[in-house]
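This briefing goes with the sequence and coordinates displayed below. Please keep both open while reading.

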Amino acid sequence: MSEIRCVARSGDELGEGPVWVAAEGRLYWFDIQGRRLHWLDHASGAAGEFTLPVRASVAAPMRRGGLILVTEVGLAAFDTATGRFELRQPMTFEPGFRTNDGKIDVAGRLWWSTMDDDGGERPGALYRTDPDGRTHKVLEGLHIANTVSCCPGGATLYLADSSLRMMWAFPIGADGSLGARREFFDTRGSDGAPDGSAVDAEGYVWNAQWGAWRIVRYAPDGSIDRIVEFPVAQVSSCAFGGPDLTTLYVTTAQEHMSGGARASQPLAGNLFAFEPGVAGLALPLFEGELGTA
């Protein structure tokens, strides 16, 4: 494994939602609270950002080009060449709610979550946007839903509720329905909560653990395979990128940190990367056009 390095000094209040776009050779990620969409060119190290009109937290590359964005006002198409934002599927959530985490699965379905921005005080939900562009509410009663990632075979969805410090594994039906959950792991008794994840080609789950200064690699049976320590506490999410998907990019946050904590963690809120010695799971493009919910 290579050393961990800071690759973009983005200074995010709440860095989240990293996604690799192979056609552009870029990683994209959000500062949710800052309404920013960042990009980093893997080969050159060049970086930039777009200012968004609303808060967004999840993205996936589309077959037609650009990104599908999951935002607090619905689903949008985003042109990464021009910065044009076009709301395609307006949605209304309860006041004070926003979107949080999500990823596309190997069948091309985009899974994403909502949460109460007041620390998940009121429960949010899990949604699924299918390749035909239609969106379905799948689960309710989730307070801070994170990870939302599938296994390589597409038969299992990993889903965490950070407020409970718990991650589950759900069987996924052919139609995208979810079966009875089983406990995958929990972080009770530790300093951290399971946040965003990335699955590698071997089926192991790399989980960012908010408040714990680390990313943990879990085997398919839920046992800990490896712990990677970070120089910041609020490690929020991760995604594999690079031409061979051998670089793990990691977002972090400064949200709710005291002045003293920010001073002692000067790299908090930046983007990190390292080579873990394993390739990531290749994920498909979003194929469809966005219709009504």
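The notes below cover the overall fold, the charges and surface, the main nonpolar core and two backbone outliers.

The model is predicted. The chain has 1 helix and 24 strands. With a radius of gyration of 17 Å, close to the 19 Å from the globule rule for 293 residues, the chain is as compact as a globular protein of that length.

**Overall dimensions and packing**

- Along the principal axes, the C-alpha atoms occupy a box of roughly 45 × 45 × 40 Å.
- Buried residues make up 58% of the 293 in the chain.
- When contacts between residues at least 6 apart in sequence are considered, 47% of them link residues at least 24 apart.

**Surface and charge**

- The exposed area of the chain is about 11300 Å², and 49% of that comes from carbon and sulfur atoms.
- There are 25 positive and 37 negative side chains.
- The centres of these two charge sets are 2 Å apart.

**Nonpolar core**

- In soluble globular proteins, nonpolar side chains tend to be buried together.
- Here the largest nonpolar core comprises 28 residues.
- Trp206, Ile215, Phe230, Leu248 and Val250 are the members with the most contacts inside this core.
- At least two core residues come from each of β3 (26-31), β19 (205-210), β22 (235-241), β23 (247-252) and β24 (271-274).
- Which residues does Ile215 contact, leaving aside its neighbours within four places in sequence? Among them are Trp206, Phe230, Leu248 and Val250, which are also listed with Ile215 as the core members with the most contacts inside it.
- The other contacts of Ile215 on that basis are Asn207, Ala208, Arg226, Ile227, Val228, Val235 and Cys238.

**Positive phi outside glycine**

- Arg35, which is not a glycine, has a positive phi of about 55°.
- Arg35 sits in the loop between β3 and β4 (36-41); β3 is also one of the strands that supply at least two residues of the largest core.
- Is Arg35 buried or partly exposed? Its relative accessibility is 37%, so Arg35 counts as partly exposed.
- Arg165 also has a positive phi, near 55°, in a residue other than glycine.
- The loop that holds Arg165 runs between β15 (156-161) and β16 (166-171).
- Arg165 has a relative accessible area of 28% and is therefore partly exposed, the class being the range between under 20% for buried and over 50% for exposed.

Methods. Residues are numbered from 1 along each chain as its sequence is written. This is a predicted model: local features need pLDDT of at least 70, side-chain atom pairs count only at pLDDT 80 or more; totals for chains, interfaces and linings use all residues. Side-chain values use heavy atoms; hydrogens and water are left out. A nonpolar core is a set of buried Ala, Val, Leu, Ile, Met, Phe, Trp, Tyr and Cys residues joined through side-chain atoms within 4.5 Å. Buried means under 20% relative accessible area, exposed over 50%, partly exposed in between (1.4 Å probe, protein chains only). Helices (H or I, at least four residues) and strands (E, at least two) are DSSP runs, numbered from the N terminus. Contact means heavy atoms within 4.5 Å. The radius of gyration is taken over C-alpha atoms; the globule rule is 2.2 Å times the number of residues to the power 0.38. Accessible areas come from the Shrake-Rupley method with a 1.4 Å probe; for residues, only the protein chains shown count as cover. Lys and Arg count as positive and Asp and Glu as negative; His and the chain ends are not counted. The place of a charge is taken as NZ of Lys, CZ of Arg, CG of Asp or CD of Glu.
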